Amino acid sequence: MALHARSVIRREQDSQRADLMPQFAWQAGHIVAVADHMLERLNTPWHIDEVGTTESELWAAQLREGLDVFARICWCLRFGHTFAAVALTRRFIERWTYNLAFSTDVAQDAKERDQDYVERVWSAYAARVDPRRVASDWSALSELLHGRAATLGANPLSRITLAAPVDPRRAVHDFVVRACEAPFFQVCASVNTVAAEHGVMTPETHALLLARPADFPSEPFPKSMDPEAFLSVFHEPLTVEFVRSEGADVALSWGETYRSIIRARAERPLALTQFHSWMSLEERWVRTIEVARYAFELEEEILGSDFDPGRLRTRVLWYQVITEVTELAAGEVDDAEHANALRTAAAALESAWILWLQDVDDSLTCMRGVLEAVAKARTYRLKPRLAEKLTLRGRGASPHRWLDAAGWGRLSAFARSLGEFAHIQERSRHSGSRELLTSIQENAPVETAALTGRGSALERVAMLLGTEIAATLETLDPEVASACQTVVLGETSTETEASLAEWLDRVFRHRDHNFGDADYSTAEVYERWLQKRSTVQDGGEAPRPSKK
């Protein structure tokens with residue numbers, strides 16, 4: 001299919017663009033390697049199912065996870081998944097803002113804006129980071145996730161689209177990776193503290209852990225490698241076919257090679273080399289393949305003969321087709337803001353299914369982006385004057401206002417659930433949100449419903465987008481709209497409307513869902529970590545057990 005080919009070609013072209021990964025990220029890779037060296041001396045496992053149960057073991061594992069998140073952000077940048085990188089980075093800032101706030105005993109005032117609170121928390125590191133910049137970075141990331149352009153001082157950041165010109169795209173990527181510097185420093189400083197407490201720190205390692213990424217060499221590529229193709233193999237989505245392929249086997253051996261090097265040299269003085277800058281990040285990219293392979297094995301064990309890789313392949317194809325149709329339709333819409341909403345939806349959907357395959361909650365942040373963008377597009381199509389007024393309100397127009405304007409107020413509880421996962425703060429209610437996503441599924445087997453909530457949510461937001469695109473095309477070219485209805489949605493418009501109405505009603509019946517208390521109290525975090533040790537990773541970064 002031409003639309004599928006368009007998706008594959010675009011992602012393959014991005015995989016050959018090494019400049020999508022800012023040099024700053026490769027430089028930070030050296031520090032990741034230093035942290036790995038210290039975590040190895042602390043006997044910290046690389047895999048979640050090997051983590052012990054003591055507070056110190058759990059905390060060290062979370063520091064490893066913090067490094068993993070940074071590497072995932074780098075992966076998203078390297079292969080052009082900008083929306084995903086922005087979603088991950090905002091949560092990265094929030095998670096380590098929470099840690100720093102607890103460590104310095106800084107509580108948020110009742111009426112204090114989130115941005116002001118972030119700035120006040122990071123003032124503890126005023127000698128190292130610019131707290132105002134951290135807060136403004138957080139705010140700019142939020143603007144991008146809501147489909148709006150952002151400004152940093154005099155520097156504009158363009159909206160996230162799949163077809164953004166090279167230079168604006170690089171500018172956003174450079175901003176994203178530098179926005180990671182403060183939380184990345186907090187992770188490394190925490191590794192430094194733990195290592196010192198256990199007597200395994202040296203003055204040399206201390207200096208390297210607390211160095212700035214810019215202090216390290218900026219050339220990451222081995223001279224024998226083509227920089228445009230370097231590590232491009234990792235652009236493949238984590239489908240069953242890929243994670244069980246010979247190529248994946250080779251990649252897994254690369255990850256084990258790096259871990260073996262770190263283990264063998266753990267008791268020696270650390271001597272950084274060029275390979276540390278890229279192998280430390282590569283190992284994390286490899287580990288996502290390992291986790292996906294294990295998840296598929298577990299799913300096959302649970303489902304038995306019902307395990308169907310073909311169904312997953314079909315779903316991914318469907319997401320790709322909807323993404324490409326949306327991007328093409330945006331080019332035919334006259335109103336610029338209407339077109340922007342469609343382009344945001346396309347970028348958010350691609351990032352959503354990419355992260356969904358990686359089995360992380362950050363995919364839900366991207367789904368929230370799809371939902372908001374589709375509501376905007378629908379409002380522009382049906383109520384253009386109201387849409388213009390809401391757009392002029394900027395951040396004052398919340399996702400819920402757009403849903404109401406689009407006639408989808410019944411999705412309020414669903415939108416809140418996705419919105420809860422878009423943040424990781426002390427007041428976040430992830431458990432209650434996951435319960436809602438589980439309960440609103442249609443005919444989900446009880447024994448597996450908790451495992452399919454994210455996937456079901458992704459299907460629903462993709463269907464909303466597909467439905468909106470068919471309706472938009474109807475106003476442009478009824479013949480093309482009919483083909484879209486048949487090929488993309490696979491049913492008549494009457495059937496689509498009936499299915500949508502049924503789902504809206506089903507979600508509305510959960511309008512009084514109790515999202516429960518905020519998740520991140522000490523005991524609850526600790527219990528979740530104990531549970532995660534024996535289950536497949538479900539994504540996200542829990543705050544520090546006991547010490548937050």
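Is C366 buried or exposed? In this predicted model, C366 has a relative accessibility of 0% and therefore counts as buried. C76 is also at 0% relative accessibility, so C76 counts as buried too.

These two cysteines raise the matter of disulfides. A disulfide is a covalent bond between the sulfur atoms of two cysteines. For the sulfur of C366, the closest cysteine sulfur is that of C76, at 8.0 Å, which is too far for a bond. Seen from the other side, the sulfur of C76 has its closest cysteine sulfur in C366, again 8.0 Å away and too far for a bond. The cut-off that matters here is 2.5 Å between the two sulfur atoms. The structure as a whole holds 0 disulfides.

The next stop is the surface. V233, V250 and W254 together make a nonpolar surface patch of about 220 Å². W254 belongs to helix α11, which covers residues 246–264. Because its relative accessibility is 32%, W254 counts as partly exposed. The class follows from the limits used: partly exposed lies between the bound for buried, under 20%, and the bound for exposed, over 50%.

Helix α13 offers a buried residue. This helix spans residues 309–330 and contains Q320. The relative accessible area of Q320 is 4%, so this residue is buried. What is Q320 in contact with, leaving aside its neighbours within four places in sequence? With those neighbours set aside, the contacts of Q320 are H4, S7, R11 and W353.

Methods
Residues numbered from 1 in each chain as written. Predicted model: local features only at pLDDT ≥ 70, side-chain atom pairs only at ≥ 80, totals over all residues. Heavy atoms only, no water. Buried < 20%, exposed > 50% of the residue type's maximum accessible area, 1.4 Å probe, protein only. Patch = residues over 30% accessible without salt bridge, like charges linked within 9 Å, V, L, I, M, F, W, Y side chains within 5 Å. Areas by Shrake-Rupley, 256 points an atom, 1.4 Å probe, with all protein chains shown as cover. Salt bridge = Lys/Arg side-chain N within 4 Å of Asp/Glu carboxyl O. Helix = DSSP H or I, 4+ residues; strand = E, 2+ residues; numbered from the N terminus. Contact = heavy atoms within 4.5 Å.
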